[in-house]
Amino acid sequence: MPITTDLILIRHGETDWNRELRFQGHIDVPLNDMGHEQARRLGLRLAGEPVQQIVSSDLLRAQQTATPAARQLGLEFLTSVGLREQHFGVVEGMRADEIREAHPRAWEDWLEFREDHAMPEGESARQFHARIIGALGRIATEYEGQHLLVVTHGGVLDMVWRTARGLGLNGPRQSEIPNAGFNRIRIADAAQPDRIEVVEWADTRHLADLPPQPTYDQSRHLKNR
């Protein structure tokens with residue numbers, strides 16, 4: 001019989017590029033001071049959680065977010081390339097206005113939010129989704145029945161939310177995905193990692209008295225076309 005695997009999913013803490021609303025993708029951007037404070041508070045929030053294994057994206061901002069939690073829980077963490085953010089190709093490191101000026105056709109195509117569109121040299125939503133669900137499947141298979149902490153990226157959580165809610169991959173994001181927010185999901189069968197149950201989502205009680213976060217709202221770009 002399949003055994004349920006419980007995962008706490010965390011988007012990394014804030015970076016300067018989050019604050020500047022730049023496309024980070026696979027570029028290795030570190031946490032800023034606020035991100036480190038978010039990660040510290042997250043570690044305290046996780047005290048008492050029955051986490052048995054921690055897996056982090058191999059990008060620095062995720063590893064730095066995982067470090068206080070690992071210390072709090074008394075665990076080492078593993079890293080996974082498969083948990084990286086979506087690859088945005090030649091536009092990584094750029095703001096929306098810079099992309100619009102340097103790559104106007106790619107920007108207009110991106111605003112259609114189609115599952116098979118990719119920025120030049122980048123990764124489409126369909127490719128990204130397949131990578132993320134595959135990575136979750138491997139993790140759920142290897143640690144079946146355990147309680148896991150997975151530290152990753154906003155785009156990854158978007159793929160998880162869409163999958164759990166049956167929303168498909170077209171269109172802008174439809175869920176809140178705060179930096180260092182607390183999200184709990186359940187995979188009932190490691191052989192079917194796309195059957196995801198959301199137990200808890202976007203809980204930021206541990207961050208309540210910190211300044212407002214930068215908001216990555218994809219739909220706002222449509223209003224500025």
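A charge sits over a ring if NZ of Lys or CZ of Arg is within 6 Å of the ring centre and within 35 degrees of the ring normal. I start with that because two arginines here meet the definition. The model is a predicted one, and what follows should be heard that way.

The arginines, then. The charged end of R45 is placed over the ring of F182, at 4.1 Å from the ring centre. R165 has its charged end over the ring of W161, and there the distance to the centre is 4.5 Å.

Next, the aromatic residues. How many aromatic pairs does the structure hold? There are six. I will go through two of them.

The pair I take up now is F23 with F88. Their ring centres are 5.1 Å apart and the planes stand at 80°, so this is an edge-to-face pair; the cut-off for that class is over 60 degrees. As for where the two residues sit, F23 is in the loop between α1, residues 16-19, and α2, residues 33-45, while F88 is in the loop between β3, residues 77-80, and α4, residues 96-102. The pair therefore ties together parts that lie 65 residues apart in sequence. Buried or exposed, for F23? F23 is buried, with a relative accessible area of 4%. F88 comes out at 10% relative accessibility and counts as buried too.

The other pair is W110 with F113. It is edge-to-face, with 4.8 Å from centre to centre and 65° between the planes. Both of these residues are buried. Ring pairs also join things up on a wider scale: F23, F88, W107, W110 and F113 are linked into a cluster.

Staying with W110 and F113, there is a residue that touches both, namely Q218. Q218 is in helix α8, residues 218-223. Its relative accessible area is 9%, so Q218 is buried. Leaving aside residues up to four places away in sequence, Q218 touches W110, F113, R162, P172 and R173. The C-alpha atoms of Q218 and G171 are 9.1 Å apart, with their positions 47 residues apart along the chain.

Now helix packing, starting with α2 and α3. Helix α3 covers residues 60-73, and it packs against α2 at an angle of about 30°, with the axes 8 Å apart. Angles under 35 degrees count as roughly parallel, so α2 and α3 are roughly parallel to each other. The crossing of these two helices is right-handed. Which residues make the contact? From α2 they are H36, A39, R40, L42, G43 and L44, and from α3 they are Q64, T65, P68, A69 and Q72.

α2 also carries R41. At 18% relative accessibility, R41 counts as buried, because the limit for that is under 20%. Outside the four places either way in sequence, R41 touches H206, L207, D209 and L210.

The other helix pair is α6, residues 125-142, with α7, residues 154-165. Their axes are 10 Å apart and the packing angle is about 85°. That makes α6 roughly perpendicular to α7. On the α6 side the contact is made by A125, F128, H129, I132, I133 and L136, and on the α7 side by G155, V156, M159, V160 and T163.

A few words on backbone angles. Most residues other than glycine have a negative phi. Which residues go the other way here? I have two to show, E121 and A180.

E121 has a phi near 70°, a positive value in a residue that is not glycine. E121 is placed in the loop between α5, residues 104-110, and α6. With 67% relative accessibility, E121 counts as exposed.

A180 also has a positive phi, of about 60°, and is likewise not a glycine. A180 is in the loop between α7 and β5, residues 182-187. Is A180 buried or exposed? With a relative accessible area of 0%, A180 is buried.

Last, A102, which is in helix α4. A102 is partly exposed, at a relative accessible area of 47%. From A102 to V91 the C-alpha distance is 8.8 Å, and the two are 11 residues apart in sequence.

To go back to the start: R45 has its charged end over F182, and R165 has its charged end over W161. That is what I have.

Key: Residues numbered from 1 in each chain as written. Predicted model: local features only at pLDDT ≥ 70, side-chain atom pairs only at ≥ 80, totals over all residues. Heavy atoms only, no water. Phe/Tyr/Trp six-rings, centres within 6.5 Å; stacked < 30°, edge-to-face > 60°. Helix = DSSP H or I, 4+ residues; strand = E, 2+ residues; numbered from the N terminus. Buried < 20%, exposed > 50% of the residue type's maximum accessible area, 1.4 Å probe, protein only. Axes fitted to C-alpha atoms, helices over the stretch in contact; angles between N-to-C directions. Parallel < 35°, antiparallel > 145°, perpendicular 65-115°, else oblique. Left-handed = near helix turned anticlockwise from the far one by under 90°. Contact = heavy atoms within 4.5 Å.
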